[in-house]
Amino acid sequence: GEMRQELEQQAVLEGVSDKILFLGVRSDIPNLLNMFDVLIMPSIYEGLPVSLVEAQAAGTPCVVSDVITPEVDLGLNLISFVNLGDELDRWEYEILKQSQIQRPSKDIILRAFRKKGYDVVESVKSLRKIYSI
């Protein structure tokens, strides 16, 4: 985004530029998510991040701050909420734990998405009922 150059410079100053990839705009997000061991989101503020919905669709385990709305959790045991004020040991524990879970099958993921209303066919049916179409 608009802060890319600033963040790249900060990575150099912090000595971590060799550990961070700034990938820019991508069209292969599902492929990237499938390569992750764990997605980590230590956000100070978030609503309902679509990126966490996408991560769960890919079966990617996530460790996120507890300021993120719990409604994002699709019940697949892929999301672990951690308080930002907790010690780093707690974050490390949750990241290691999530990295070792067995990812759910695509069928289980699809059922969870349908149950939470993320199925476009079911959404269209609901809208047709609401608007008597």
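**Figure 1. A salt bridge within helix H4 of the predicted model.** In this predicted model, the side chains of lysine 97 and glutamate 94 come together in a salt bridge, with 3.2 Å from N to O. Both residues belong to helix H4, which covers residues 88–99. They sit 3 residues apart, about one turn of the helix. The two partners differ in their surroundings: lysine 97 is partly exposed at 37% relative accessibility, whereas glutamate 94 is buried at 4%. Glutamate 94 counts as buried because its 4% relative accessibility falls under the 20% cut-off.

**Figure 2. Stepping back to the network around aspartate 86 and arginine 90.** Here is another pair to look at: aspartate 86 and arginine 90 form a salt bridge whose closest N and O atoms are 3.7 Å apart. That distance of 3.7 Å qualifies because a salt bridge is counted within 4 Å. Aspartate 86 is partly exposed, with a relative accessible area of 29%. Arginine 90 is partly exposed too, its relative accessible area being 34%. If you keep the residues of the previous view on screen, you can follow a network of salt bridges that links Asp86, Arg90, Glu94 and Lys97. Side chains of opposite charge can pair when their charged atoms come close.

**Figure 3. The salt bridge of aspartate 119 and arginine 114.** This view turns to aspartate 119, which forms a salt bridge with arginine 114. The closest N and O atoms of this pair are 2.8 Å apart. Aspartate 119 counts as buried, at 12% relative accessibility. Arginine 114, on the other hand, is partly exposed, with a relative accessible area of 45%. For the wider context, a search of the whole structure finds 8 salt bridges.

**Figure 4. Serine 65 in strand E2.** Serine 65 lies in strand E2, which spans residues 62–65. This serine is buried, and its relative accessible area is 0%. A polar atom of the serine 65 side chain lies 2.6 Å from the backbone oxygen of serine 43. With its neighbours within four places in sequence set aside, serine 65 is in contact with Met41, Pro42, Ser43, Phe81, Val82, Leu84 and Trp91.

**Figure 5. Valine 64, also in strand E2.** Moving to valine 64, we remain in strand E2. Valine 64 is buried, with a relative accessible area of 0%. Again leaving out neighbours within four places in sequence, the contacts of valine 64 are Met41, Leu52, Ile79, Ser80, Phe81, Val82 and Trp91. As a long-distance reference for this view, the C-alpha atoms of valine 64 and aspartate 107 are separated by 24 Å. Along the chain, those two residues are 43 residues apart.

**Figure 6. The largest pocket and its lining.** The largest pocket holds about 920 Å³ of space. Its lining comprises 17 residues, and Leu21, Leu23, Phe36, Leu39 and Ile40 lie nearest the centre. Helix H2 (29–35), strand E1 (39–41) and helix H3 (50–57) are the elements that give two or more residues to this lining. Of these, H2 gives the most, with 4 residues. Sorted by class, the lining of the largest pocket has 12 nonpolar, 2 polar and 3 charged residues.

**Figure 7. The second largest pocket.** For the second largest pocket, the volume is about 160 Å³. Its lining is made by Gly1, Met3, Arg4, Leu7, Phe22, Gly24 and Val25. These lining residues divide into 4 nonpolar, 2 polar and 1 charged.

**Figure 8. The whole protein, as a guide to the close-ups.** The protein has 6 helices and 3 strands. Read from the N terminus on, its elements run α-α-β-α-β-β-α-α-α. Along the principal axes, the C-alpha atoms fill a box of roughly 60 × 35 × 25 Å. Of the 133 residues in the protein, 27% are buried. Among contacts with a separation of 6 or more, 42% are made by residues 24 or more positions apart.

Methods: Residues numbered from 1 in each chain as written. Predicted model: local features only at pLDDT ≥ 70, side-chain atom pairs only at ≥ 80, totals over all residues. Heavy atoms only, no water. 1 Å grid on protein atoms, 1.4 Å probe; cavity = no way out; pocket = protein on both sides within 12 Å on 5 of 7 lines; lining within 4 Å. Points joined across faces, edges and corners; volume = space filled by probe spheres on them. Nonpolar A, V, L, I, M, F, W, Y, C, P; charged D, E, K, R; others polar. Buried < 20%, exposed > 50% of the residue type's maximum accessible area, 1.4 Å probe, protein only. Polar contact = N/O pair within 3.5 Å; in protein donor to acceptor, adjacent residues only side chain to side chain. Contact = heavy atoms within 4.5 Å.
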